[in-house]
Amino acid sequence: MSDALLAIDVGTQSTRAIAFDRHGEILASCQVPIEPYFSKYPGWAEQHAAVYWDAVGQACRGLWQEGFDPGRISGLSLTTQRATMLCVGADDRPLAPAIVWMDKREARDVPPIGGLWGLAFRLLGLGQTMRSFQAEAPANWWWQQRPELWRKTRRYVMLSGYLSFLLSGDWVDSTGSQVGYIPFDYKSQQWAGDNDWKWQALPGIRREHLPDLVAPGQPLGSLQASAAQHLGLAQGLPIIAAAADKACEVLGAGCVAPDQACLSFGTTATINTCVPGYVEVERFIPPFPAAIPGAYNTEVQIYRGFWMVSWFKRQFADREQRIADERGISAESLFDELLEQVPPGSMGLMLQPYWSPGVREPGPEAKGAIIGFGDVHTRAHMYRAILEGLAYGLRAGAEKIEKRSARLATLRVAGGGSQSDGAMQLTADIFNMPAQRPHIYDTSALGAAINAAVGLGLYRDYPEAVAAMTRVGEEFRPQPDAVAIYDRLYREVYLKMYARLQPLYARIRDITGYPA
């Protein structure tokens, strides 16, 4: 009996295969850890494509080894990390390791955008933004620094496109996965037209390098024989297009309207809404394709967001790690005890979460900051200040979204941080809104399963599928005393920090050369 949906979720640190029923409940799950990247040189982040494909096979076969019947799977969908890129040769094999989205290498002296486009960008004050786009594009680095490799390149694809090829045998990918430095027209959600500036900005890419695109919820192909054997599934199984992990996370959290926000405490912390039309929250920064066809996610992100918790764990949490090892539990499970030791506002310790520079705000000179130290402060205060700083940054993002779209009425929280009751509560207090935890943690995979459910005709449309497959688990309501403290700290301190510190960041950069 084919009554289950298989979602394959290829993240930065692990790959998961999860079987869902049509009500959004998990029937079986298997997670395979992967090394996020390796570095040949400082700032590089690469990974072999085979690592991802092997993990996909291990995760799927792990389900069957645990006793779940693969014959119950009626179709599958794939969601992956964004902006991890591959060059593929004429034999359909990668020519080099994938450049992972965290990679910091840059192309130098790429020919500037000329003609009317170049003039327009200069007049609009976007010259530096365009130069940053060109420098950070992996295609430009390969084209410039590895010209022999680039000449052999027959396909230039995201990780999602390469894995889709291995699954189906066709070079096809979802429009919902196209987020990165590529010639993609976000407004039409198709490859850019012939006269679009992106072809000038990415001079090595040609249209024939790129896969065909289909919308989320549409057939991506069927499982070819080699993939069926690798995954332990039946050949010919339908593959339904999903979207990138963040887009699927928004859908899996049940946020499908402009007044419903999905906050993600992930490696990159984000706040997103789903809107039916093209809306630029920040001028000239496009919204990303949603996991609903033709819709958009108004994403504001904090790069290296919840990574700061991992940083704190490595640098300051030896005690918690030792206790966790003794008890046979994770160190993160003890972190809520640190939060409980500290009152809202961390007794004046304030964090600005710009651990990595940006292009506009924060700009390329930006650095992180923690201010307000006194002799009363401990590691617990620092940990709480990290979470509060992330929530302040995401609240600022929410206010940007509200100026360009609808006032928010619902806040759902996903990602690793959503498993902390303390993080959920301080989020509710800082936003002064109820913070809702989805009924399951694996919202990216659930979003992919919703795409599969609609694509296979189990539901007529996305509103019906979302109503049937998503729901609220727990809700954390704001506490008035904490709300009052956080609101003053946010408005009177946090919002003023960047403008006050920006000149000093620039001086630090001039003196030390960091960040480059």
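Colleague: What residues, by class, does the lining of the largest cavity have?

Modeller: Seven nonpolar, six polar and one charged. Ala, Val, Leu, Ile, Met, Phe, Trp, Tyr, Cys and Pro count as nonpolar, Asp, Glu, Lys and Arg as charged, and the others, Gly among them, as polar. Bear in mind that this is a predicted model: local features need pLDDT of at least 70, side-chain atom pairs count only at pLDDT 80 or more, and totals for chains, interfaces and linings use all residues. Residues are numbered from 1 along each chain as its sequence is written, and side-chain values use heavy atoms, with hydrogens and water left out.

Colleague: What makes something a cavity here?

Modeller: On a 1 Å grid over the protein atoms alone, a cavity is a set of points where a 1.4 Å probe fits but cannot get out. A search of the whole structure turns up three of 30 Å³ or more. The largest holds about 70 Å³ of space, where volume means the space filled by probe spheres set on the points, with grid points joined across faces, edges and corners.

Colleague: Which residues lie nearest the centre of the largest cavity?

Modeller: Leu78, Ser164, Asp173, Leu220 and Ala242, out of 14 that line the cavity. To count as lining, a residue needs an atom within 4 Å of a point. Strand S5 (73-80) gives the most, with three residues. Strands like this are DSSP runs of E with at least two residues, while helices are runs of H or I with at least four, all numbered from the N terminus.

Colleague: Why is the pair Arg379 and Glu320 called a salt bridge?

Modeller: The rule asks for a side-chain nitrogen of Lys or Arg within 4 Å of a carboxyl oxygen of Asp or Glu. Arg379 and Glu320 sit at 3.0 Å, N to O, so the pair qualifies. Arg379 lies in helix H13 (residues 379-404) and Glu320 in helix H11 (residues 318-327), so the bridge ties together parts that are 59 residues apart in sequence.

Colleague: How do you know whether Glu320 is buried or exposed?

Modeller: Buried means under 20% relative accessible area, exposed over 50%, and partly exposed in between (1.4 Å probe, protein chains only). Glu320 has 2%, so it's buried. Its partner Arg379 has 29%, so that one is partly exposed.

Colleague: What makes Arg488 and Glu492 a salt bridge?

Modeller: Their closest N and O atoms are 2.8 Å apart, so the pair passes the same cut-off. Both lie in helix H17 (residues 480-512), four residues apart, about one turn of the helix. Arg488 has 53% relative accessible area, so it's exposed, whereas Glu492, with 42%, is partly exposed. Salt bridges that share partners also join Arg395, Glu399, Asp487 and Arg491 into one network. In total, the structure holds 25 salt bridges.

Colleague: Why is a set of residues called a nonpolar core?

Modeller: The name goes to buried Ala, Val, Leu, Ile, Met, Phe, Trp, Tyr and Cys residues joined through side-chain atoms within 4.5 Å. The largest has 62 residues, and Phe312 and Phe431 have the most contacts inside it. H13 supplies the largest share, 13 residues. A second, separate core of 49 residues includes Leu6, Val56, Ile73 and Trp101.

Colleague: What does Phe312 touch?

Modeller: Contact means heavy atoms within 4.5 Å. Leaving out residues up to four places away in sequence, Phe312 touches Ala317, Phe335, Leu338, Arg379, Met382, Tyr383 and Ile386.

Definitions and conventions: On a 1 Å grid over the protein atoms alone, a cavity is a set of points where a 1.4 Å probe fits but cannot get out, and a pocket is an open set with protein on both sides within 12 Å along at least five of seven lines; lining residues have an atom within 4 Å of a point.
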